[in-house]
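Reader: I'm new to this structure and would love a close look at one part of it. Please start with a single pair of residues and work outwards from there.

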Amino acid sequence: MSRMLKLAATVSVMTLLPGALATASAESLKVVASFSIISDFAKNVGGDRVDITTLVGPDGDAHVYEPKPADAAAVASADVVLVNGLQFEGFLKRLVEASGTKAPIVELTKGGEVLKAEEGEHHHEGEEAAEGEHDHEAAEGEHAHEEGGEHAHEEGHHHHGEFDPHAWQSVHNAEVYVKNIADAFCAADADGCDDYKANAEAYSAKLEALEEEIKAAVAQIPEEKRTIITSHDAFGYFQHEYGLRFLAPEGVSTESEASAADVAALIKQVREDKASAIFVENITNPRLIEQIASETGIKIGGTLYSDALSDPSGPAATYIDMMKHNVTTIKGAISGS
Ligand SMILES: [Zn+2]
């Protein structure tokens, strides 16, 4: 008898609050992450409470990604959509519109330290491009207004934005992404908030240890050997934070290919500056780097993971492994040269 009453009570509560109960207990939070690095952060914060769909997967290039119908379906049914922002995901605006989603689109670079993209000539201009040259400012407010119609004037153009989008290459910024993810999850699933915050805190402690490790590794590289080459300007934040100098034939987006003049200028500069090492990137075709390597005689020092993780069996299956792999590969190539 009492059991039947309990059952009846439960049923009536469920009738009153079907959505609330479904979100809180049976179903996990449906999260869409725009690319693999964000997906890894989201896993660390969300644990078992979230079900993550990643749009641009391992070794994928988000700059030039073409969404699939399944992506629109995932965005349409998502509870939360996590994106980098700063126009990293060129495909995003149209995808979100096409999906008709009501989910919040959360820009994880918000509140982080954001660097301006360098116009025209990339990093290969002067001698003193390395330290202190970047304009940077807190992103708070700077692109807070980007959601909605503000991007309208960009439509049809494929050039990159005012800011360098590769903010995750600074571990300090990665902590901002993680905090923003925890806040977004708390807003969408209040019952899990304590878990999200505890997970974010534990993961941030690991990120702080990672940052110390990176600084210690860079400190062992002689200052005069800290100039290296990659295929596109994905490491501006790494340069700014950790004091290596990166040169690249392509700018902050892979959308526009390097011109013959860009490549010739880079080769000339490499010969003058004696860059210590050259690397291919996991997301881009190695052809250009192979050409520069053969014309300058610098041996290719390995693969750096710039805008995407490796697949699970690779050396950069998580963000932490990616950052460790990159700095270890750079250090190894320089000391071996
Ligand atoms: Zn990039």
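Author: Happily! Let's begin in helix 8 (residues 236-242), where phenylalanine 238 and tyrosine 242 sit 4 residues apart, about one turn of the helix. Helices here are DSSP runs of H or I of at least four residues, strands are runs of E of at least two, and both are numbered from the N terminus. Please keep in mind that this is a predicted model, in which local features need pLDDT of at least 70 and side-chain atom pairs pLDDT 80 or more, while totals for chains, interfaces and linings use all residues. Residues are numbered from 1 along each chain as its sequence is written, and side-chain values use heavy atoms, without hydrogens or water.

The structure holds 11 aromatic pairs. In the helix 8 pair, the ring centres of phenylalanine 238 and tyrosine 242 are 4.9 Å apart and the planes meet at 70°, so the arrangement is edge-to-face. (Rings of Phe, Tyr and the six-membered ring of Trp pair with centres within 6.5 Å; planes under 30 degrees apart are stacked, over 60 edge-to-face, the rest tilted.) Phenylalanine 238 has 1% relative accessibility and so counts as buried; tyrosine 242, at 6%, counts as buried too. Buried means under 20% relative accessible area, exposed over 50% and partly exposed in between, with a 1.4 Å probe and protein chains only.

Elsewhere, ring pairs link Phe41, Tyr177, Tyr203 and Tyr319 into a cluster. Phe41 takes us to helix 3, where it is one of the buried residues, along with Ser36, Ile37, Ile38, Ser39, Asp40, Ala42, Val45 and Gly46. That is 9 of the 11 residues of helix 3 (residues 36-46), so this helix is largely enclosed by the rest of the structure. Its buried residues pack against strand 1 (29-35), strand 2, strand 3 (80-83), helix 6, helix 7 (193-219) and helix 11 (319-335). Right after helix 3 comes glycine 47, with a positive phi near 55°.

Tyr319 of the ring cluster appears again in the largest nonpolar core: of its 79 residues, Leu82, Phe185 and Tyr319 touch the most other members. Such a core is a set of buried Ala, Val, Leu, Ile, Met, Phe, Trp, Tyr and Cys residues joined through side-chain atoms within 4.5 Å. Leaving aside residues up to four places away in sequence, phenylalanine 185 touches Leu29, Val31, Ala42, Val45, Gly46, Val50, Leu82 and Tyr196. A separate core has 15 residues, including Val263, Ile267, Val280 and Ile298.

Next along the chain from phenylalanine 185, cysteine 186 forms a disulfide with cysteine 193, their sulfur atoms 2.1 Å apart (the cut-off is within 2.5 Å). The torsion about this S-S bond is about 90°, so the disulfide is right-handed. Both cysteine 186 and cysteine 193 are buried.

Finally, a zinc ion is coordinated by His63 (NE2), His166 (NE2), His232 (NE2) and Asp307 (OD), at 1.9 to 2.0 Å. Histidine 63, in the loop between strand 2 (50-56) and helix 4 (69-76), and histidine 166, in the loop between strand 6 (136-138) and helix 6 (171-188), link distant parts of the chain, 103 residues apart. Donors are N, O and S atoms within 2.8 Å of the metal, or 3.2 Å for Na, K and Ca; water is not among the atoms, so sites may look incomplete. Both histidine 63 and histidine 166 are buried.

Stepping back, the chain has 11 helices and 10 strands, and buried residues make up 50% of its 337 residues.

Key: Contact = heavy atoms within 4.5 Å.
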